[in-house]
Amino acid sequence: MKMPTPPPVDTVDVGHNGFVYSLRRAAPYIGAHRGSTFVLMLGGEIMAEGGGSIERLARDIALLASLGVRLVLVHGARPQIEARLAAANASIEYHHGLRVTNDDALTCVLEAAGTVRVLLEARLSSGLTIAGLTTPGASQRRSLRIASGNLITAQPLGVREGIDYQHSGEVRKVDTTAINARLDAGEVVLLSPLGYSPTGEVFNVAAEDIAVATAVALKADKLAFLSESGCLTDQEGHSLPQLGPDDVALHLERLDADSELSQQLHRAVTASTGGVKRVHIVPRRRDGGLLLEFFTRDGIGNLITGDAYDAIRGANIDDVGGILQLIAPLEEQGVLVRRSREQLELEINYFSVLERDGLVIGCIALYPYVDDKIAEVACVAISEDYKGENRGDWLLTRLEQQAKQQGIEQLFVLTTRTGQWFKQRGFKPADVDALPVKKQAMYNLQRNSKVFVKTLATVE
Ligand SMILES: CC(C)(COP(=O)(O)OP(=O)(O)OC[C@H]1O[C@@H](n2cnc3c(N)ncnc32)[C@H](O)[C@@H]1OP(=O)(O)O)[C@@H](O)C(=O)NCCC(=O)NCCS
């Protein structure tokens with residue numbers, strides 16, 4: 001019986017194409033960031049600036065929170081402190097890059113930090129509304145709930161080389177239990193550049209240090225510094241989307257040690273070596289900078305990460321969604337055999353995935369026929385965005401090692417279009433007879449895949 005021709009699929013008109021494209025590209029990041037903890041540090045400059053900057057940032061922060069990101073914000077108050085010091089004819093002196101906070105200066109710090117915090121709370125409260133994330137009349141919460149308090153315990157810097165740093169302090173302890181409880185309740189935690197002592201004192205603590213200590217203590221997925229002066233480029237001005245802590249150290253040599261960027265990069269290295277997987281420097285003046293940094297492949301700032309390489313690991317049930325998303329277009333093109341979600345769930349232990357930033361960007365499967373000491377390599381795929389950097393080779397090499405450890409002597413693959421790629425990697429064309437008997441019985445004549453076999457070098 002002749003099947004009726006299906007009606008044509010409506011394609012998205014050109015005007016909407018950009019939107020659909022961007023949303024689809026952002027979708028994996030939305031999934032990956034849900035439930036993640038981000039610590040964001042912003043300077044006091046944005047509050048001093050006006051012109052809608054803080055409203056735009058509040059909108060983006062509200063959007064991040066509504067996408068399920070657990071947010072801790074740390075604010076600075078430098079311009080506000082300096083303005084108060086000037087008005088009070090007081091000053092903060094620096095020794096070896098550390099500030100000396102005397103009694104007058106502490107008063108200015110407390111006033112400035114308190115004012116910035118309250119104003120930020122007010123702006124953030126309206127973030128959901130500005131972002132259009134509330135429905136008038138609906139019972140849902142209408143504003144972001146902000147939690148702040150004595151969550152950072154500090155100790156005095158004390159006397160160093162004869163200099164008494166007075167009310168300047170450093171972080172002694174981050175109350176992770178209280179912060180996590182707030183985050184679990186769906187609140188956004190806001191920290192000021194202050195620390196409290198159990199004896200009732202308040203210390204002036206650099207906001208950057210609070211951000212680092214908090215991110216490390218919370219084992220945050222990301223720490224981001226919003227930078228006033230843009231981000232790090234190479235000497236020719238080319239962007240540097242990803243750097244390891246060692247690369248940062250090299251670039252730091254040519255930066256002014258007192259500059260904001262240098263200070264942030266130093267802290268980024270500290271956080272990275274302290275276990276924060278991803279530290280970002282994001283240009284604050286770029287509208288939507290945080291969204292571009294977190295939801296696009298290369299972002300717009302610097303990502304400092306100790307993970308020099310993407311990680312390959314055995315897949316688990318939580319990877320099923322990511323694998324399906326990766327292979328769906330290839331199944332549609334007929335490059336890969338179709339697998340249902342159920343089948344993939346059953347076979348997930350045969351899969352390894354290549355992961356970057358919480359996203360599955362590659363996969364490969366190994367189905368062993370132990371009695372015949374042979375195994376099938378299947379479902380090799382690298383995400384379109386990440387092709388061209390030999391990741392496929394890397395996955396295959398890892399798989400071969402894994403197979404050898406399981407006592408497998410030969411690998412085979414059935415492919416309709418990728419034979420050449422496997423041939424270049426030591427696979428040789430073979431007949432269907434070369435397959436294990438069980439597989440021969442399942443051989444899909446209609447698909448007419450070509451068979452390739454590789455004998456693995458023996459393990460010493
Ligand atoms: C095969 C694959 C995993 C390799 O990913 P990768 O390591 O990022 O490598 P690339 O895609 O950049 O390809 C590397 C080289 O192989 C070549 N290549 C890729 N696919 C090929 C194919 N189907 N046939 C022949 N050569 C191919 C590329 O042209 C490139 O050659 P070059 O280095 O001379 O430019 C990836 O191309 C992929 O996902 N393909 C679709 C899925 C697939 O075919 N899987 C195999 C069936 S199980």
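**Two sheets, two cores and a ligand shell**

Eight strands, written here as 8 strands in one open sheet, follow the order β5-β10-β2-β1-β13-β15-β16-β14, and their pairing is mixed. At the edges of this sheet lie β5 (146-147) and β14 (242-243), each of which pairs on one side only. The model described here is a predicted one.

A good place to begin is the end of the sheet that holds β5. This strand runs parallel to β10 (residues 188-191), and 2 bridges join them. Ile 146 stands opposite Val 188 in β10, while Ala 147 stands opposite Val 189. On the way to the next strand in the order, β10 is also joined to β2, by 3 bridges, and these two strands run parallel as well. Here Val 189 of β10 is the bridge partner of Val 72.

The side chains of β10 are worth a closer look. In a regular strand, side chains alternate between the two faces of the sheet. In β10, Val 188 and Leu 190 point one way, Val 189 and Leu 191 point the other way, and all are buried. Packed on this sheet is helix α7 (residues 176-184), which touches β1 (37-42), β2 (70-75), β5 and β10. The direction of α7 makes about 140° with that of β10.

Two further residues help to fill in the surroundings of these strands. Ala 65 lies in helix α3 (residues 53-66). Ala 65 counts as buried because 22 other C-beta atoms lie within 10 Å, where 20 or more are needed. Apart from neighbours within four places in sequence, the contacts of Ala 65 are Leu 71, Leu 144 and Val 188. Ala 65 and Leu 191 are 126 residues apart along the chain, and their C-alpha atoms are separated by 16 Å.

Gly 76, in turn, sits in the loop between β2 and α4 (78-87). This glycine is buried too, because 27 other C-beta atoms lie within 10 Å. Not counting residues up to four places away in sequence, Gly 76 touches Gly 43, Gly 44, Pro 193 and Ala 207. A long span separates Gly 76 from Val 432: the two are 356 residues apart in sequence and 68 Å apart in space, C-alpha to C-alpha.

Attention now turns to the nonpolar interior. In soluble globular proteins, nonpolar side chains tend to be buried together. The largest nonpolar core in this model has 79 residues, and the members that touch the most others are Val 39, Leu 71, Ala 215 and Leu 223. Helix α5 (residues 103-125) gives the most to this core, with 9 residues. Val 39 shows how such contacts bring together distant parts of the sequence: leaving aside neighbours within four places, Val 39 is in contact with Val 72, Val 74, Ala 211, Thr 214, Ala 215, Leu 218, Ala 220 and Leu 223. A second core, separate from this one, has 38 residues, including Ala 315, Phe 351, Leu 435 and Val 451.

Another open sheet has 7 strands in the order β17-β18-β19-β20-β21-β23-β22, again with mixed pairing. The edge strands are β17 (311-314) and β22 (428-430), each pairing on one side only. From one strand to the next, the twist averages 30°. α14 packs on this sheet, touching β17, β18, β19, β20 and β21, and its direction makes about 35° with that of β19. Helix α12 (residues 320-332) lies across β18 (351-356), β19 (359-369) and β20, running at about 85° to β19.

Within this sheet, β20 and β21 run parallel and are joined by 3 bridges. Ala 375 stands opposite Leu 411 in β21, and Ile 374 has Gln 410 as its bridge partner. β21 is mostly covered, with 5 of its 6 residues buried.

These two strands also take part in the surroundings of the ligand. In all, 19 residues surround the ligand, and the closest are Lys 387, Gly 388, Gly 392, Thr 418 and Gln 420. Two or more residues of the shell come from each of β20 (374-382), α14 (391-405), β21 (410-415) and α15 (419-423). Among the elements, β20 gives the most, with 5 residues. By class, the shell has 9 nonpolar, 6 polar and 4 charged residues.

Technical notes
Residues numbered from 1 in each chain as written. Predicted model: local features only at pLDDT ≥ 70, side-chain atom pairs only at ≥ 80, totals over all residues. Core = buried A, V, L, I, M, F, W, Y, C linked by C-beta atoms within 7 Å. Buried ≥ 20, exposed ≤ 12 C-beta atoms within 10 Å, placed from the backbone. Helix = DSSP H or I, 4+ residues; strand = E, 2+ residues; numbered from the N terminus. Contact = placed C-beta atoms within 7 Å. Near = placed C-beta within 6 Å. Nonpolar A, V, L, I, M, F, W, Y, C, P; charged D, E, K, R; others polar. Pairing = 2+ DSSP bridges. Axes fitted to C-alpha atoms, helices over the stretch in contact; angles between N-to-C directions.
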